[in-house]
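Hello,

Here is the structure I promised to pass on to you. Have a look at it first, and then read on for what turned up in it.

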Amino acid sequence: MDWLTNWIFELLYGLQKTICYIIDFIREIFYTLSGIQPVNINGEQTDLVSHFILSDTVKTTFFYIFLIAIILLVVFVLIAIIRSEYANGDNKRSKAQILGKAFQSFAIFLMVPFILIAGIALTNAVMGAINASMNPYALEAGGSATIGGQILVTSGQYAYIGDPASRAEIERMFLTGELSYFDTSIVSQYYNLRSLDFLIGIFGSVVIMVMFVMSAVTFIQRIFDIVLLYIISPVSVSTIPVDDGDRFRIWRNMVISKVLSAYGIILSMNLFFIIIPQVSEIVFFADPFKNGIVKILFLIGGAFAVTKANLVIAQLTGNQAGSNETQQLMRNMQTGGHIVKGMAGVGMTVGGAILGGKRFVDTKKSTRSSLTGLKNSFQSPASKQYLNKAEPSKLARYGGMPTRIATMPIGMIKDLATGGIVGMGKNFIPRATNVIKGDSVFNHAQGKSVLKEQDKNENNT
(Lines give C-alpha, C1' and ligand atoms only; values in the text may rest on other atoms or scores of the structure.)
Protein backbone atom coordinates (compact mmCIF):
# COMPACT_ATOMS: atom_id res chain seq x y z
CA MET A 1 0.00 0.00 0.00
CA ASP A 2 2.93 2.35 0.67
CA TRP A 3 4.17 1.69 -2.85
CA LEU A 4 0.74 2.45 -4.27
CA THR A 5 0.24 5.68 -2.33
CA ASN A 6 3.78 6.85 -3.11
CA TRP A 7 3.10 6.18 -6.79
CA ILE A 8 -0.12 8.21 -6.64
CA PHE A 9 1.60 11.20 -5.00
CA GLU A 10 4.48 11.00 -7.48
CA LEU A 11 1.87 10.99 -10.26
CA LEU A 12 0.22 14.11 -8.81
CA TYR A 13 3.54 15.90 -8.52
CA GLY A 14 4.40 14.78 -12.05
CA LEU A 15 1.22 16.49 -13.25
CA GLN A 16 2.07 19.66 -11.29
CA LYS A 17 5.67 19.89 -12.54
CA THR A 18 4.60 19.27 -16.15
CA ILE A 19 2.12 22.15 -16.03
CA CYS A 20 4.77 24.35 -14.39
CA TYR A 21 7.28 23.42 -17.09
CA ILE A 22 4.79 24.57 -19.73
CA ILE A 23 4.28 27.84 -17.83
CA ASP A 24 8.03 28.48 -17.61
CA PHE A 25 8.34 27.77 -21.32
CA ILE A 26 5.56 30.28 -22.07
CA ARG A 27 7.40 32.76 -19.85
CA GLU A 28 10.50 32.39 -22.03
CA ILE A 29 8.26 33.00 -25.04
CA PHE A 30 7.14 36.26 -23.40
CA TYR A 31 10.66 37.68 -23.45
CA THR A 32 11.13 36.74 -27.09
CA LEU A 33 7.75 38.03 -28.29
CA SER A 34 8.05 41.28 -26.33
CA GLY A 35 11.48 42.08 -27.78
CA ILE A 36 13.46 42.00 -24.52
CA GLN A 37 15.13 38.75 -25.58
CA PRO A 38 16.52 39.00 -29.15
CA VAL A 39 16.20 36.17 -31.65
CA ASN A 40 18.83 34.84 -34.03
CA ILE A 41 17.79 35.37 -37.66
CA ASN A 42 20.37 34.48 -40.30
CA GLY A 43 23.17 34.99 -37.78
CA GLU A 44 21.96 38.42 -36.62
CA GLN A 45 20.48 39.25 -33.21
CA THR A 46 17.30 41.29 -33.53
CA ASP A 47 13.81 41.59 -32.06
CA LEU A 48 10.83 40.12 -33.88
CA VAL A 49 8.89 43.34 -34.51
CA SER A 50 11.87 45.12 -36.07
CA HIS A 51 12.65 42.06 -38.17
CA PHE A 52 9.14 41.91 -39.63
CA ILE A 53 9.02 45.65 -40.27
CA LEU A 54 12.39 45.57 -42.07
CA SER A 55 11.65 42.40 -44.03
CA ASP A 56 11.66 42.72 -47.83
CA THR A 57 8.00 41.75 -48.18
CA VAL A 58 6.78 44.33 -45.67
CA LYS A 59 9.01 47.05 -47.16
CA THR A 60 7.64 46.30 -50.64
CA THR A 61 4.07 46.42 -49.35
CA PHE A 62 4.80 49.65 -47.48
CA PHE A 63 6.24 51.22 -50.66
CA TYR A 64 3.11 50.45 -52.71
CA ILE A 65 0.83 51.80 -49.97
CA PHE A 66 3.10 54.85 -49.76
CA LEU A 67 2.47 55.52 -53.47
CA ILE A 68 -1.27 55.10 -52.95
CA ALA A 69 -1.10 57.48 -49.97
CA ILE A 70 0.67 60.10 -52.14
CA ILE A 71 -2.26 59.96 -54.56
CA LEU A 72 -4.71 60.15 -51.66
CA LEU A 73 -2.79 63.13 -50.27
CA VAL A 74 -3.27 65.02 -53.54
CA VAL A 75 -6.97 64.14 -53.55
CA PHE A 76 -7.41 65.22 -49.90
CA VAL A 77 -5.59 68.51 -50.58
CA LEU A 78 -8.01 69.24 -53.42
CA ILE A 79 -10.96 68.31 -51.20
CA ALA A 80 -9.65 70.58 -48.44
CA ILE A 81 -9.26 73.50 -50.88
CA ILE A 82 -12.79 73.02 -52.24
CA ARG A 83 -14.26 72.78 -48.74
CA SER A 84 -12.36 75.91 -47.72
CA GLU A 85 -13.82 77.87 -50.64
CA TYR A 86 -17.36 77.19 -49.43
CA ALA A 87 -16.57 77.48 -45.72
CA ASN A 88 -17.34 80.51 -43.59
CA GLY A 89 -15.84 81.93 -40.41
CA ASP A 90 -13.40 79.81 -38.43
CA ASN A 91 -13.78 76.83 -40.79
CA LYS A 92 -12.29 78.78 -43.69
CA ARG A 93 -8.59 78.12 -44.26
CA SER A 94 -6.14 79.65 -46.70
CA LYS A 95 -4.47 77.66 -49.45
CA ALA A 96 -1.12 78.27 -47.75
CA GLN A 97 -2.36 76.56 -44.58
CA ILE A 98 -3.66 73.57 -46.56
CA LEU A 99 -0.41 73.24 -48.51
CA GLY A 100 1.49 73.53 -45.22
CA LYS A 101 -0.49 70.56 -43.88
CA ALA A 102 0.31 68.69 -47.11
CA PHE A 103 4.06 69.24 -46.66
CA GLN A 104 3.69 68.22 -43.01
CA SER A 105 2.05 64.97 -44.14
CA PHE A 106 4.83 64.29 -46.62
CA ALA A 107 7.47 64.87 -43.92
CA ILE A 108 5.67 62.48 -41.57
CA PHE A 109 5.58 59.91 -44.41
CA LEU A 110 9.36 59.83 -44.36
CA MET A 111 9.76 60.04 -40.58
CA VAL A 112 7.34 57.28 -39.49
CA PRO A 113 9.58 54.27 -40.35
CA PHE A 114 12.63 55.72 -38.60
CA ILE A 115 10.72 56.95 -35.55
CA LEU A 116 8.85 53.63 -35.15
CA ILE A 117 11.97 51.45 -35.40
CA ALA A 118 14.02 53.76 -33.17
CA GLY A 119 11.17 53.89 -30.65
CA ILE A 120 10.88 50.10 -30.53
CA ALA A 121 14.66 49.72 -30.05
CA LEU A 122 14.75 52.37 -27.31
CA THR A 123 11.72 50.88 -25.55
CA ASN A 124 13.27 47.39 -25.66
CA ALA A 125 16.47 48.71 -24.06
CA VAL A 126 14.69 50.67 -21.33
CA MET A 127 12.22 47.90 -20.52
CA GLY A 128 15.01 45.32 -20.49
CA ALA A 129 16.83 47.34 -17.83
CA ILE A 130 13.63 47.78 -15.80
CA ASN A 131 12.90 44.06 -16.12
CA ALA A 132 16.35 43.18 -14.79
CA SER A 133 16.01 45.58 -11.87
CA MET A 134 12.58 44.19 -10.93
CA ASN A 135 13.70 40.55 -11.06
CA PRO A 136 14.49 39.77 -7.40
CA TYR A 137 16.98 37.04 -8.33
CA ALA A 138 18.70 38.50 -11.37
CA LEU A 139 21.31 40.34 -9.33
CA GLU A 140 21.87 37.55 -6.79
CA ALA A 141 22.67 34.44 -8.80
CA GLY A 142 22.72 35.74 -12.32
CA GLY A 143 19.52 33.83 -13.01
CA SER A 144 15.81 34.44 -12.99
CA ALA A 145 12.95 33.09 -10.95
CA THR A 146 11.07 30.05 -12.22
CA ILE A 147 7.33 29.73 -11.82
CA GLY A 148 7.64 25.99 -11.18
CA GLY A 149 10.02 26.69 -8.30
CA GLN A 150 7.65 29.32 -6.93
CA ILE A 151 4.68 26.93 -7.09
CA LEU A 152 6.75 24.22 -5.36
CA VAL A 153 7.82 26.56 -2.55
CA THR A 154 4.25 27.84 -2.10
CA SER A 155 2.60 24.41 -2.13
CA GLY A 156 5.37 22.94 0.05
CA GLN A 157 5.07 25.49 2.85
CA TYR A 158 4.26 22.68 5.32
CA ALA A 159 6.05 19.83 3.51
CA TYR A 160 9.70 20.87 3.93
CA ILE A 161 11.82 18.06 5.46
CA GLY A 162 15.32 19.42 4.86
CA ASP A 163 17.60 21.25 7.27
CA PRO A 164 15.55 24.09 8.80
CA ALA A 165 18.63 26.29 9.06
CA SER A 166 19.21 26.19 5.30
CA ARG A 167 15.56 26.33 4.25
CA ALA A 168 15.75 29.90 2.91
CA GLU A 169 18.77 29.02 0.77
CA ILE A 170 17.16 25.80 -0.53
CA GLU A 171 13.98 27.66 -1.48
CA ARG A 172 16.03 30.34 -3.24
CA MET A 173 17.86 27.64 -5.23
CA PHE A 174 14.55 26.11 -6.32
CA LEU A 175 13.26 29.56 -7.26
CA THR A 176 16.32 30.43 -9.35
CA GLY A 177 16.56 27.00 -10.99
CA GLU A 178 19.84 25.98 -9.33
CA LEU A 179 17.87 23.03 -7.98
CA SER A 180 15.49 21.62 -10.56
CA TYR A 181 11.86 21.34 -9.48
CA PHE A 182 11.39 18.97 -12.44
CA ASP A 183 13.67 16.32 -10.87
CA THR A 184 11.41 14.40 -8.48
CA SER A 185 14.38 12.71 -6.77
CA ILE A 186 15.87 16.11 -5.85
CA VAL A 187 12.51 17.48 -4.70
CA SER A 188 11.97 14.39 -2.51
CA GLN A 189 15.17 15.16 -0.62
CA TYR A 190 13.73 18.43 0.68
CA TYR A 191 9.94 18.00 0.48
CA ASN A 192 7.58 15.22 1.53
CA LEU A 193 5.44 14.69 -1.57
CA ARG A 194 2.54 13.42 0.55
CA SER A 195 2.42 16.72 2.44
CA LEU A 196 2.49 18.99 -0.63
CA ASP A 197 -0.63 21.12 -1.02
CA PHE A 198 -1.67 19.86 -4.45
CA LEU A 199 -4.83 21.99 -4.31
CA ILE A 200 -2.59 25.05 -4.54
CA GLY A 201 0.00 23.38 -6.75
CA ILE A 202 -2.18 21.88 -9.47
CA PHE A 203 -5.19 24.22 -9.42
CA GLY A 204 -3.00 27.32 -9.16
CA SER A 205 -0.74 26.06 -11.95
CA VAL A 206 -3.67 25.41 -14.29
CA VAL A 207 -5.07 28.91 -13.71
CA ILE A 208 -1.67 30.52 -14.29
CA MET A 209 -1.12 28.43 -17.43
CA VAL A 210 -4.46 29.54 -18.91
CA MET A 211 -3.73 33.19 -18.09
CA PHE A 212 -0.24 32.97 -19.57
CA VAL A 213 -1.51 31.31 -22.75
CA MET A 214 -3.95 34.21 -23.15
CA SER A 215 -1.09 36.66 -22.60
CA ALA A 216 1.06 34.85 -25.16
CA VAL A 217 -1.76 35.19 -27.68
CA THR A 218 -1.89 38.90 -26.83
CA PHE A 219 1.83 39.19 -27.58
CA ILE A 220 1.40 37.60 -30.99
CA GLN A 221 -1.61 39.82 -31.74
CA ARG A 222 0.56 42.80 -30.80
CA ILE A 223 3.18 41.88 -33.42
CA PHE A 224 0.56 41.62 -36.17
CA ASP A 225 -1.12 44.85 -35.03
CA ILE A 226 2.13 46.85 -34.99
CA VAL A 227 3.14 45.61 -38.45
CA LEU A 228 -0.36 46.37 -39.75
CA LEU A 229 -0.32 49.88 -38.25
CA TYR A 230 3.10 50.47 -39.78
CA ILE A 231 1.94 49.40 -43.24
CA ILE A 232 -1.20 51.55 -43.20
CA SER A 233 0.51 54.57 -41.59
CA PRO A 234 0.79 56.49 -44.91
CA VAL A 235 -3.00 56.31 -45.36
CA SER A 236 -3.68 57.82 -41.92
CA VAL A 237 -1.02 60.49 -42.50
CA SER A 238 -2.50 61.46 -45.86
CA THR A 239 -5.73 62.64 -44.16
CA ILE A 240 -3.98 65.43 -42.20
CA PRO A 241 -4.98 68.20 -44.69
CA VAL A 242 -8.66 67.23 -44.28
CA ASP A 243 -9.06 66.56 -40.53
CA ASP A 244 -6.05 68.45 -39.10
CA GLY A 245 -4.42 65.19 -37.96
CA ASP A 246 -7.30 63.66 -35.94
CA ARG A 247 -6.96 60.24 -37.59
CA PHE A 248 -3.20 60.41 -37.36
CA ARG A 249 -3.44 61.07 -33.61
CA ILE A 250 -5.65 57.99 -33.25
CA TRP A 251 -3.05 55.98 -35.19
CA ARG A 252 -0.25 57.38 -33.00
CA ASN A 253 -2.07 56.49 -29.77
CA MET A 254 -2.74 52.96 -31.01
CA VAL A 255 0.93 52.44 -31.94
CA ILE A 256 2.14 53.68 -28.55
CA SER A 257 -0.47 51.50 -26.86
CA LYS A 258 0.57 48.39 -28.79
CA VAL A 259 4.31 48.98 -28.29
CA LEU A 260 4.08 49.60 -24.54
CA SER A 261 1.25 47.26 -23.53
CA ALA A 262 3.33 44.10 -23.91
CA TYR A 263 5.90 45.33 -21.43
CA GLY A 264 3.19 45.79 -18.85
CA ILE A 265 2.77 42.00 -18.82
CA ILE A 266 6.52 41.51 -18.26
CA LEU A 267 6.68 44.05 -15.43
CA SER A 268 3.52 42.69 -13.80
CA MET A 269 4.96 39.16 -14.01
CA ASN A 270 8.08 40.33 -12.13
CA LEU A 271 5.81 41.96 -9.57
CA PHE A 272 4.12 38.56 -9.24
CA PHE A 273 7.46 37.06 -8.18
CA ILE A 274 8.08 39.87 -5.70
CA ILE A 275 4.72 39.56 -3.92
CA ILE A 276 3.85 35.83 -4.01
CA PRO A 277 6.95 34.68 -2.01
CA GLN A 278 5.91 37.08 0.75
CA VAL A 279 2.33 35.79 0.64
CA SER A 280 3.51 32.17 1.06
CA GLU A 281 5.10 33.13 4.41
CA ILE A 282 1.95 34.77 5.80
CA VAL A 283 -0.41 32.77 8.04
CA PHE A 284 -3.87 34.21 7.39
CA PHE A 285 -5.80 31.59 9.39
CA ALA A 286 -4.91 28.83 11.82
CA ASP A 287 -6.81 26.35 9.65
CA PRO A 288 -4.42 25.13 6.90
CA PHE A 289 -7.31 24.66 4.44
CA LYS A 290 -8.51 28.26 4.84
CA ASN A 291 -4.93 29.44 4.63
CA GLY A 292 -4.48 27.52 1.37
CA ILE A 293 -7.65 29.03 -0.10
CA VAL A 294 -6.35 32.57 0.51
CA LYS A 295 -3.03 31.71 -1.12
CA ILE A 296 -4.86 30.26 -4.13
CA LEU A 297 -6.78 33.54 -4.42
CA PHE A 298 -3.50 35.43 -4.44
CA LEU A 299 -2.15 33.13 -7.17
CA ILE A 300 -5.28 33.61 -9.29
CA GLY A 301 -5.34 37.36 -8.66
CA GLY A 302 -1.67 37.65 -9.56
CA ALA A 303 -2.24 35.68 -12.77
CA PHE A 304 -5.16 37.94 -13.72
CA ALA A 305 -3.02 40.98 -12.94
CA VAL A 306 -0.38 39.71 -15.39
CA THR A 307 -3.03 39.35 -18.08
CA LYS A 308 -4.59 42.74 -17.31
CA ALA A 309 -1.28 44.63 -17.21
CA ASN A 310 -1.41 45.49 -20.91
CA LEU A 311 -4.77 47.21 -20.26
CA VAL A 312 -3.27 49.32 -17.46
CA ILE A 313 -0.46 50.52 -19.73
CA ALA A 314 -2.85 51.02 -22.67
CA GLN A 315 -5.10 53.31 -20.64
CA LEU A 316 -2.14 55.64 -20.06
CA THR A 317 -1.94 56.32 -23.81
CA GLY A 318 -5.48 57.60 -24.29
CA ASN A 319 -9.14 56.75 -23.72
CA GLN A 320 -9.76 55.35 -27.20
CA ALA A 321 -6.71 53.09 -27.13
CA GLY A 322 -7.58 51.94 -23.63
CA SER A 323 -11.13 51.17 -24.72
CA ASN A 324 -9.88 49.10 -27.64
CA GLU A 325 -7.51 47.20 -25.39
CA THR A 326 -10.38 46.61 -22.94
CA GLN A 327 -12.56 45.10 -25.65
CA GLN A 328 -9.68 42.91 -26.79
CA LEU A 329 -9.04 41.77 -23.22
CA MET A 330 -12.70 40.85 -22.76
CA ARG A 331 -12.64 38.82 -25.97
CA ASN A 332 -9.48 37.08 -24.80
CA MET A 333 -11.07 36.33 -21.42
CA GLN A 334 -14.12 34.84 -23.15
CA THR A 335 -11.83 32.70 -25.26
CA GLY A 336 -9.91 31.76 -22.14
CA GLY A 337 -13.18 30.75 -20.49
CA HIS A 338 -13.94 28.39 -23.35
CA ILE A 339 -10.41 27.00 -23.10
CA VAL A 340 -10.80 26.45 -19.34
CA LYS A 341 -14.16 24.74 -19.90
CA GLY A 342 -12.68 22.47 -22.53
CA MET A 343 -9.63 21.72 -20.38
CA ALA A 344 -11.89 20.97 -17.41
CA GLY A 345 -13.84 18.46 -19.51
CA VAL A 346 -10.67 16.82 -20.78
CA GLY A 347 -9.18 16.86 -17.27
CA MET A 348 -12.31 15.24 -15.83
CA THR A 349 -12.23 12.54 -18.48
CA VAL A 350 -8.51 11.86 -18.06
CA GLY A 351 -8.76 11.92 -14.26
CA GLY A 352 -11.81 9.65 -14.34
CA ALA A 353 -10.03 7.23 -16.67
CA ILE A 354 -7.05 7.14 -14.31
CA LEU A 355 -9.30 6.54 -11.29
CA GLY A 356 -11.93 4.27 -12.86
CA GLY A 357 -10.25 2.83 -15.96
CA LYS A 358 -12.38 1.19 -18.64
CA ARG A 359 -15.33 0.96 -16.25
CA PHE A 360 -15.46 4.77 -16.00
CA VAL A 361 -15.04 5.25 -19.76
CA ASP A 362 -17.84 2.79 -20.61
CA THR A 363 -20.22 4.27 -18.04
CA LYS A 364 -19.51 7.85 -19.14
CA LYS A 365 -20.03 6.87 -22.77
CA SER A 366 -23.42 5.31 -22.06
CA THR A 367 -24.71 7.89 -19.55
CA ARG A 368 -22.80 10.99 -20.79
CA SER A 369 -22.07 11.85 -17.16
CA SER A 370 -18.62 11.91 -15.58
CA LEU A 371 -20.10 11.87 -12.06
CA THR A 372 -22.07 8.72 -12.83
CA GLY A 373 -18.92 7.13 -14.22
CA LEU A 374 -16.97 7.95 -11.05
CA LYS A 375 -19.83 6.72 -8.86
CA ASN A 376 -19.97 3.43 -10.74
CA SER A 377 -16.18 3.07 -10.46
CA PHE A 378 -16.29 3.34 -6.67
CA GLN A 379 -19.46 1.30 -6.10
CA SER A 380 -18.97 -1.63 -8.49
CA PRO A 381 -17.25 -4.67 -6.95
CA ALA A 382 -13.75 -5.26 -8.23
CA SER A 383 -13.29 -8.99 -7.61
CA LYS A 384 -15.81 -11.65 -8.61
CA GLN A 385 -17.06 -14.53 -6.49
CA TYR A 386 -15.88 -17.98 -7.50
CA LEU A 387 -16.75 -21.59 -6.64
CA ASN A 388 -14.48 -23.40 -4.19
CA LYS A 389 -15.70 -26.83 -3.04
CA ALA A 390 -12.78 -27.65 -0.72
CA GLU A 391 -9.67 -26.23 0.83
CA PRO A 392 -6.71 -26.24 -1.61
CA SER A 393 -4.06 -28.92 -1.12
CA LYS A 394 -0.70 -27.89 0.29
CA LEU A 395 0.99 -28.84 -2.97
CA ALA A 396 -1.29 -26.59 -5.00
CA ARG A 397 -1.12 -23.86 -2.37
CA TYR A 398 2.65 -23.71 -1.88
CA GLY A 399 3.72 -25.07 -5.25
CA GLY A 400 1.93 -22.35 -7.19
CA MET A 401 2.99 -19.52 -4.87
CA PRO A 402 6.09 -18.49 -6.93
CA THR A 403 4.08 -18.16 -10.15
CA ARG A 404 1.27 -16.34 -8.35
CA ILE A 405 3.78 -13.85 -6.94
CA ALA A 406 5.43 -13.40 -10.36
CA THR A 407 2.12 -12.81 -12.16
CA MET A 408 0.65 -10.49 -9.51
CA PRO A 409 2.08 -7.28 -11.16
CA ILE A 410 0.55 -8.35 -14.48
CA GLY A 411 -2.80 -8.80 -12.77
CA MET A 412 -2.50 -5.37 -11.13
CA ILE A 413 -1.84 -3.80 -14.54
CA LYS A 414 -4.97 -5.54 -15.83
CA ASP A 415 -6.94 -4.18 -12.85
CA LEU A 416 -5.57 -0.70 -13.59
CA ALA A 417 -6.76 -0.90 -17.21
CA THR A 418 -10.16 -2.30 -16.27
CA GLY A 419 -10.99 -0.41 -13.09
CA GLY A 420 -8.31 2.27 -12.82
CA ILE A 421 -6.60 3.12 -9.54
CA VAL A 422 -9.82 2.36 -7.67
CA GLY A 423 -10.14 -1.12 -9.14
CA MET A 424 -6.45 -1.86 -8.59
CA GLY A 425 -6.75 -0.73 -4.97
CA LYS A 426 -9.85 -2.86 -4.39
CA ASN A 427 -8.18 -5.94 -5.85
CA PHE A 428 -4.84 -5.49 -4.09
CA ILE A 429 -5.84 -7.36 -0.89
CA PRO A 430 -7.74 -10.11 -2.79
CA ARG A 431 -4.70 -10.67 -5.02
CA ALA A 432 -2.37 -10.76 -2.00
CA THR A 433 -4.75 -13.26 -0.39
CA ASN A 434 -4.60 -15.38 -3.53
CA VAL A 435 -0.81 -15.48 -3.32
CA ILE A 436 -0.98 -16.93 0.20
CA LYS A 437 -4.14 -19.04 0.20
CA GLY A 438 -4.89 -19.69 -3.46
CA ASP A 439 -4.40 -22.90 -5.48
CA SER A 440 -4.23 -21.39 -8.97
CA VAL A 441 -1.13 -21.21 -11.16
CA PHE A 442 -1.66 -17.57 -12.08
CA ASN A 443 -2.57 -14.80 -9.71
CA HIS A 444 -6.15 -13.53 -9.61
CA ALA A 445 -8.32 -11.59 -7.19
CA GLN A 446 -9.29 -14.00 -4.39
CA GLY A 447 -13.01 -13.33 -4.15
CA LYS A 448 -15.47 -14.84 -1.72
CA SER A 449 -16.36 -18.50 -2.08
CA VAL A 450 -19.97 -18.90 -3.19
CA LEU A 451 -20.42 -22.40 -1.72
CA LYS A 452 -18.86 -21.43 1.61
CA GLU A 453 -21.17 -18.43 1.87
CA GLN A 454 -24.17 -20.68 1.07
CA ASP A 455 -23.12 -23.25 3.67
CA LYS A 456 -22.68 -20.53 6.24
CA ASN A 457 -26.15 -19.15 5.57
CA GLU A 458 -27.71 -22.65 5.78
CA ASN A 459 -26.03 -23.36 9.12
CA ASN A 460 -27.26 -20.05 10.51
CA THR A 461 -30.77 -20.96 9.36
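Let me start with one residue, Tyr-160: it is buried, with a relative accessible area of 14%. Buried here means under 20% relative accessible area, exposed means over 50%, and partly exposed is in between (1.4 Å probe, protein chains only).

Before going further, a word on the ground rules. This is a predicted model, in which local features need pLDDT of at least 70 and side-chain atom pairs count only at pLDDT 80 or more, while totals for chains, interfaces and linings use all residues. Residues are numbered from 1 along each chain as its sequence is written, and side-chain values use heavy atoms, with hydrogens and water left out.

The overall picture

The chain has 17 helices and 2 strands; these are DSSP runs numbered from the N terminus, with helices (H or I) of at least four residues and strands (E) of at least two. Of its 461 residues, 43% are buried. Taking a contact as heavy atoms within 4.5 Å, residues 24 or more positions apart make up 74% of the contacts with a separation of 6 or more. About 24800 Å² of the chain is exposed, and 66% of that comes from carbon and sulfur atoms; these areas come from the Shrake-Rupley method with a 1.4 Å probe, and for residues only the protein chains shown count as cover.

Back to Tyr-160 and its neighbours

There are 11 aromatic pairs in the structure. Rings of Phe, Tyr and Trp (its six-membered ring) pair if their centres lie within 6.5 Å; planes under 30 degrees apart are stacked, over 60 edge-to-face, and the rest tilted. In one of these pairs, the ring centres of Tyr-160 and Tyr-191 are 5.6 Å apart with the planes at 75°, so the pair is edge-to-face. Tyr-160 sits in the loop between helix H6 (147-155) and helix H7 (167-176), and Tyr-191 in the loop between helix H8 (184-190) and helix H9 (198-237), so the pair ties together parts 31 residues apart in sequence. Tyr-191 is buried too, with a relative accessible area of 1%. Both tyrosines belong to one aromatic cluster with Phe-174 and Tyr-190.

Leaving aside residues up to four places away in sequence, the residues that Tyr-191 touches include Leu-152, Val-153, Ile-161, Glu-171 and Leu-196.

The cores

A nonpolar core is a set of buried Ala, Val, Leu, Ile, Met, Phe, Trp, Tyr and Cys residues joined through side-chain atoms within 4.5 Å. Which residues have the most contacts inside the largest nonpolar core? They are Phe-30, Phe-174, Tyr-191 and Phe-212, in a core of 82 residues. H9 gives the largest share of this core, with 19 residues. A second, separate core has 5 residues, among them Leu-4 and Met-412.

Helix H7

This helix is worth a stop on your tour. In H7, 7 of the 10 residues are buried, so the helix is largely enclosed by the rest of the structure. Among the buried ones are Ile-170, Met-173 and Phe-174. Just after H7, Gly-177 has a positive phi of about 90°.

Glu-171 forms a salt bridge with Arg-167, and their closest N and O atoms are 2.9 Å apart. The two are 4 residues apart in H7, which is about one helical turn. Glu-171 is buried, at 13% relative accessible area, whereas Arg-167 is partly exposed at 22%.

More charged partners

With a salt bridge taken as a side-chain nitrogen of Lys or Arg within 4 Å of a carboxyl oxygen of Asp or Glu, the count comes to 4. Another one joins Asp-225 and Lys-258, with the closest N and O atoms 3.0 Å apart. Asp-225 lies in helix H9 and Lys-258 in helix H11 (residues 246-280), so this pair ties together parts 33 residues apart in sequence. Asp-225 is partly exposed at 23% relative accessibility, and Lys-258 is buried at 8%.

Asp-246 and Arg-249 also meet through their side chains in a salt bridge (2.3 Å, N to O). They are 3 residues apart in helix H11, about one helical turn. Asp-246 is partly exposed, with a relative accessible area of 40%, and Arg-249 is partly exposed at 36%.

Happy exploring, and best wishes
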